[in-house]
Amino acid sequence: MPNRCINIDWLEVYCQESPINFPHDAEYFMRKGYIVKVRDYGTRQYSEMFTICDQRGDGFVEVRRKPVAGGMAGKVKGIFSDFSCHLKLVNRYCYADDAIELFYNFLKAHQYEIVRLFRLDLALDFEKFDDGTKPNDFVKRYLKGIFTKVNQGSISAHGTDRWEERCWNSLSWGAPKSMVSTKLYLKTLELKQAKDKPYIRYAWLCAGLVDDFQNMTKHKPDGTIYTPDIWRLEFSIRSSAKGWVVLEDCAGKKTRTFAVKHRLESYALKENQLQAFEMLCKHYFHFKYYESGKRKDLCKDKELFHFHQWDGTYKLERLLTDKPKDRTIESLKHRLQNYRNTHLDTNVRKACDILIQACENEQLRNAVPTFDRNEHDLLQMIVSRRLSNYDEDFATSLEVCKAMLSMQHEMW
């Protein structure tokens, strides 16, 4: 079996700071003896961002905290609060064997409450697939239509166009907001072109992918030295993942029972990471030989990896949110803007401007109102009367509408 190297490449959690202790700002960690590097600017959601360093001064944990006024804190009530924060383990530490334990102990020591895993990337580095296929040959044949993929129909490809042929070095599947996205790419090329990471090369040495991690070379069985192309298959699991459910038990019986939660402890050991990777691979890196006129499920599988046979079939289950995003105000404002732009009547345009401003004020207050049937009827009546040239006191109707909106603002 070819050598493999399994690692976590991204580890980020969404947490709540303890409300009864000191704010966990940069000064708090400085008082605890940490080296802290503060960034001069924050993000769209958070006003503060800094990196907590280890004793050598290298980054350890990146912190984003102190939600921006008018940001997510008001949009996701009950989930996002003034104590919300995101903590990310720096990439170097993700490759430590005890990465999960280090991160968990840090969170526990400073009394962070973990709400959920925000993002977890599992990566497998290898030179060839288990069946002996070279990844670049597989990519060429896939793009020519020899194989077809099961699940994740959205695809993007990157490469170079040469006179002799097109060389592909990256394929990704899944929409940007998918619960799981998949990427296959030439990692050695990325390390050369983007940013070299010696700790990744050292991990390859430990896994037997290279014999010299400085020069990135390896010995063939006959003693010849060559530079291998190391490819990476990576699954990115987003915050919408709830946990693993059993779809089929070891006896082949169809079922649907909850198995393992999607949380830090579930990926503590390399064995856990490899098992999770294999289950992801079974669903999100599943290929068939294309046969014209034949159903996909009846086509022959292209078995690239020879994994262990775990007890049953597992699949990630999506986390159901109690409060889906409400776009009522945004939709109403958009329709009012379109209506205004298609009419030249001064009164109509002024009325639309007032209502559009009311919608924008409502958005700034982070309160998305729900309009009842009477309010919708009143808006419809005003518009219909103007369309039919109904000559009545338009200003009076408009003031009534504004008053109803104002009353609802006060209720909120």
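Reader: How many aromatic pairs does the count come to?

Author: Keep in mind that we're looking at a predicted model. Two rings pair if their centres lie within 6.5 Å. By this rule, the count comes to 26 aromatic pairs.

Reader: Take F126 and F305: is their pair stacked or edge-to-face?

Author: Their centres are 5.5 Å apart, and the planes make an angle of 85 degrees. Planes over 60 degrees apart count as edge-to-face. So with 85 degrees between the planes and a cut-off of 60, F126 and F305 are edge-to-face.

Reader: How many residues apart are F126 and F305?

Author: F126 belongs to strand β6, which covers residues 113–126. F305 is in the loop between β17 (301–302) and β18 (313–318). The pair therefore links distant parts of the chain, with a separation of 179 residues.

Reader: And F305, is that one buried or exposed?

Author: Its partner F126 has a relative accessible area of 1%, which makes F126 buried. F305 comes out at 11% relative accessibility. Buried means under 20%, so F305 counts as buried.

Reader: What about F129 and F138, are those planes stacked or edge-to-face?

Author: Both F129 and F138 are buried. Their ring centres lie 5.6 Å apart, with 70 degrees between the planes. Since over 60 degrees is the cut-off, F129 and F138 are edge-to-face.

Reader: Which residues form one aromatic cluster?

Author: F126 and F305 are in it, and so are F129 and F138. The full cluster is F126, F129, F138, Y142, F147, W173, F285, F287, Y289 and F305.

Reader: Which ring does the charged end of R31 sit over?

Author: For K220, the charged end sits over the ring of Y226, 5.5 Å from its centre. The charged end of R31 is 5.7 Å from the centre of its ring, which belongs to F22.

Methods:
Residues numbered from 1 in each chain as written. Predicted model: local features only at pLDDT ≥ 70, side-chain atom pairs only at ≥ 80, totals over all residues. Heavy atoms only, no water. Phe/Tyr/Trp six-rings, centres within 6.5 Å; stacked < 30°, edge-to-face > 60°. Helix = DSSP H or I, 4+ residues; strand = E, 2+ residues; numbered from the N terminus. Buried < 20%, exposed > 50% of the residue type's maximum accessible area, 1.4 Å probe, protein only. Lys NZ or Arg CZ within 6 Å of the ring centre and 35° of its normal.
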